[in-house]
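User: I'm new to this one and would like a close look at how the helices pack against each other, plus a few loop spots along the way. Could you walk me through it informally?

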Amino acid sequence: MRVRFKPGGKDNFGNSMASAIHLPALPNGPNQIVAIKATGTVSPQKSRSKNGSKEALSKNLAGSKTAVKLGAIDYNDPNALSTKGLPFSHILDLVDSWGGRLKLNGKTTTEVSVEFLQPMTKDKGLSLCAQYITSADQKLQTIPKDAFWFVSHAWKFVFLDVIDALSTFLIDQKADFSTSVIWLDLFSNSQHNTGLKPFQWWETTFLNAVESIGNVVMVLQPWLNPIPLTRAWCIFEVYACSTTGSKFHLALSPNERDTFMRELKTNPRRFYDILARTSCDKSEAFKLSDKEAIFNIIRNTVGFNRLNRMVFDTFAAWIVEQLLIGTTKSIDEEDACDWKWALAGFYELQGKYEAAEKLLLECQSTQTRILGRTHPSTMNTINSLAVVYRLEGRAGEAEKLFLECLETRRKTLGDRHVETLTTVNNLALLYKSVGRFNDAEPLYVRCLEAQKAQMGDYHTDTLSTMSNLGVLYVTKYCYGEAEPLLFDCLAGRMKLLGSEHPDTLSASNNLALLYKAQERLSEAEALYLQCLSIQKKLLGPDHQDTLISESNLAGLYVSDARFSEADSLYQHCIRIRSAELGESSPETLASVGAFATSLLAQERFGEAEPLLSQCLKGLKKQVGEEHPDTIATLTNLANVYDSQGRYAEAELLLLQAVDLNKKTLGNLHPTYLSSLNALGGVCESMDKLEVAERHYADCLAIQRTVLGGEHPDTILTMYNLASLFKAQGSMQKAQPLFDECFRACKKVLGKNHPHTLLVQKSMKGTDATQKSEGAKRVKGKGQGKTNKKGK
């Protein structure tokens, strides 16, 4: 008897401080993809992209309900916009005339406007720039000039912080204060009767200014939770910057910059986490109607997913530049290594493993020479290099470095030091990733015990290890051990972080994964739905994190044979990802592949085949033939051919999958063993019985050692081999395997489980006919429930 493998699939940051980043114009069509690339330092000159014209801007906004009029400016009209600005030197003169820094200390931009600016301009009700231009004083008339820098800021900022940030920015740009003309809405836009101006006026104001000026400088503070990323008008200005093909810059006040650079050097991950959680559709505005209008423009043009990605890529590229600046301005070799280590860490978070590896190898060589091999800084680099090797699939090299780092840290820091425990965790994660579960488990257990003793049950590190160990137990089918860990992790994160934190949602998903594996489908569904509801509220229904949860829920529905609900969710994911990311993006292909697995479970092989062929071709091009998603798709397509009786084609694909899994994961990994088991099944169908026996036997021997005799994967292979012997009439070989299989099924699955009953029935029969009939039943019933690991 051969158990068919279940289809698998995943849905799974020299130069100045404020260097320019060029933002290409966003395309008009909702199905086009935007590629944001950092161009390095850009000299301060105006540029125009193809779409930077007024005609193109109007076209880009054609989907908006508001009309944009781009024409001549009437400075005598209080409701008109002046795209003129003030030299920064004159702005500093204004600060002095208002009583200097002591008088303005601590006042927000709003308060400065009310107390100082508005009294100056109340008679005419114009902007300060327009008032100067229309003045009878010829000297005043000449002060406003064509602006070169458009400043994006939040009105709740302390005004002097904005001034200091701009001062630092211009100094870094080596710009002359007297010729650096600033467009700041406080001065360039009338501050009278602002509440009476309709949204269309403000929209035209900002789009005109950004399009005309060509350089946007965003004042970023506080660095830990940047206010501009939460304000709808600031987000709109970033959108306008990209739409018009303008350049984008960032500026920080001196205090913010010093703190920023210190933190960036020691922990780049914090910035990555902030940026990764950026969600433009959660920004706010003082007037709800403004927010709604801005959102409508974005929805009708680029869409929030693409805008989120643009903001993320823009800020990430800027952070990389700051890290590069740190390496060039380092005080000595040791300091340079610290900056390179931080940059490598950010590259690793971005998936740029080759760039990270190059920097870490440079650091390792220099630190070993100047500090010694066992120095803590050298060990940090070695640990980070091992992480990169693990992510690259170079398990042997990673293990060697982790073991060296662990031995050194135990000797120099002790078994329970946080750095030692970090390495223990990393080594355990490596072992889990290559299927060495029995090696990973004691490391996780030891680490968790030490973290509870040192940091307490609710420390973030403790909860992370608790989660890792719980997921490992799910992988090992040790559900009784997994449940208290995953439940306590969820409870701890809810208490520590709140119910809507991304880490809490991750814990909720892990617990749902356990319930799904235990076939507690209603409990799993409740968790998935709760998680999905929170993400829709916080991120929106089309956010990528929301789509991942939606796909997880769809997988649950497949397991519960609720195929129409599953297919509806998968098709929504495909539609949004195709529109936002492109039909050939890895994310879209993952959704297509997941949809195909649902079709496989429904035995709709003719519909699944072209989807899987499309996925396989796209994934090979996008992520390479050795990527896990590519190999899983290869295996799933073989499953289609097997089900259609196209055994030679299935065998060819499975031979490739077996070789690729062995190369990338090693011969102890469950995924490799699953593909080997599947290959044995196809060979059996082709009457290559000796070859099939060899594959089954090799697979079973490794599974007994790695997973144990009572692991469901081991039971399946055992049953397949026993059924093969039975078909050959070798009951002497078959009976001991059936007996062992039956005992394991009763213990693991229960005596009334369909598979237990099937084994019991197979033990009584003596002919091949009964075996064949039993195989049909298991293939149909076990497709979504028995084989949970992509076999």
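Analyst:
**Helix pairs and the loops between helices**

Let's start with α14 and α15, which pass each other in a left-handed crossing. Before going on, keep in mind that this is a predicted model. Helix α14 covers residues 304-328 and helix α15 covers residues 333-349, and their axes come within 8 Å. The crossing angle is roughly 160°. Since anything over 145 degrees counts that way, α14 and α15 are roughly antiparallel.

Who does the touching here? On the α14 side you'll find Ala316, Ile319, Val320, Leu323, Leu324, Gly326 and Thr327. Facing them from α15 are Ala336, Trp339, Lys340, Ala342, Leu343, Phe346 and Tyr347. Sorted by class, that contact has 11 nonpolar, 2 polar and 1 charged residues.

Now slide along the chain to α21 (residues 460-475). This helix is a good place to linger, as it packs with α20 and with α19.

Take α20 to begin with. Helix α20 runs over residues 437-455, and its axis lies 9 Å from that of α21. The two pack at an angle of about 155°. That is over 145 degrees, so α20 is roughly antiparallel to α21. As for handedness, α20 passes α21 in a left-handed crossing.

The list of residues that meet is a long read, so here it is one side at a time. From α20 come Phe437, Ala440, Glu441, Tyr444, Val445, Cys447, Leu448, Gln451, Lys452 and Met455. From α21 come Asp461, Thr462, Thr465, Met466, Asn468, Leu469, Leu472, Tyr473 and Thr475. In terms of class, the α20 and α21 contact splits into 11 nonpolar, 5 polar and 3 charged residues.

Next comes α19, residues 418-433, whose axis is 12 Å from that of α21. The angle between α19 and α21 is about 20°. An angle under 35 degrees counts as roughly parallel, so that is how α19 and α21 run. The crossing of α19 past α21 is left-handed.

In this pairing, Val418, Asn425 and Lys432 are the α19 residues that make contact. Their partners in α21 are Asp461, Thr465, Asn468, Val471, Leu472 and Thr475. The class count for α19 with α21 is 3 nonpolar, 4 polar and 2 charged. Some names may ring a bell: Asp461, for instance, takes part in the contact with α19 and in the one with α20. Leu472 is another α21 residue that takes part in the contact with α19 and in the one with α20.

So much for helix against helix; what about the loops that link helices? Arg520 sits in the loop between α23 (502-517) and α24 (521-539). Its relative accessibility is 22%, so Arg520 counts as partly exposed. Setting aside residues up to four places away in sequence, Arg520 touches Glu483 and Tyr515.

Two other loop residues stand out for their backbone. Most residues other than glycine have a negative phi. Ala561, however, has a positive phi near 60°. You'll find Ala561 in the loop between α25 (544-559) and α26 (563-581). Glu603 is a case of the same sort: it isn't a glycine, yet its phi is positive, about 60°. Glu603 lies in the loop between α27 (586-601) and α28 (605-622). With a relative accessible area of 51%, and exposed meaning over 50%, Glu603 is exposed.

One loop leads from a helix to a strand: Ala175 is placed between α7 (159-172) and β5 (181-183). Ala175 is partly exposed because its relative accessible area is 24%. Apart from neighbours within four places in sequence, Ala175 is in contact with Leu170 and Ser180.

Back on a helix, Ser685 belongs to α31 (residues 670-685). Ser685 has a relative accessible area of 27%, so it is partly exposed. Between Ser685 and Asp642 there are 43 places in sequence, and their C-alpha atoms are 8.7 Å apart in space.

Finally, a word on cysteines. How many disulfides does the structure hold? The count is 0. Cys129 is at 0% relative accessibility, so it counts as buried. Cys615 is likewise at 0% and counts as buried.

Notes: Residues are numbered from 1 along each chain as its sequence is written. This is a predicted model: local features need pLDDT of at least 70, side-chain atom pairs count only at pLDDT 80 or more; totals for chains, interfaces and linings use all residues. Side-chain values use heavy atoms; hydrogens and water are left out. A disulfide is a pair of cysteine sulfur atoms within 2.5 Å. Buried means under 20% relative accessible area, exposed over 50%, partly exposed in between (1.4 Å probe, protein chains only). Axes are lines fitted to C-alpha atoms, for helices over the stretch in contact, and angles run from 0 to 180 degrees between N-to-C directions. Helices (H or I, at least four residues) and strands (E, at least two) are DSSP runs, numbered from the N terminus. Angles under 35 degrees count as roughly parallel, over 145 as roughly antiparallel, 65 to 115 as roughly perpendicular and the rest as oblique. A crossing is left-handed if the near helix is turned anticlockwise from the far one by less than a right angle, and right-handed if clockwise. Contact means heavy atoms within 4.5 Å. Ala, Val, Leu, Ile, Met, Phe, Trp, Tyr, Cys and Pro count as nonpolar, Asp, Glu, Lys and Arg as charged, and the others, Gly among them, as polar.
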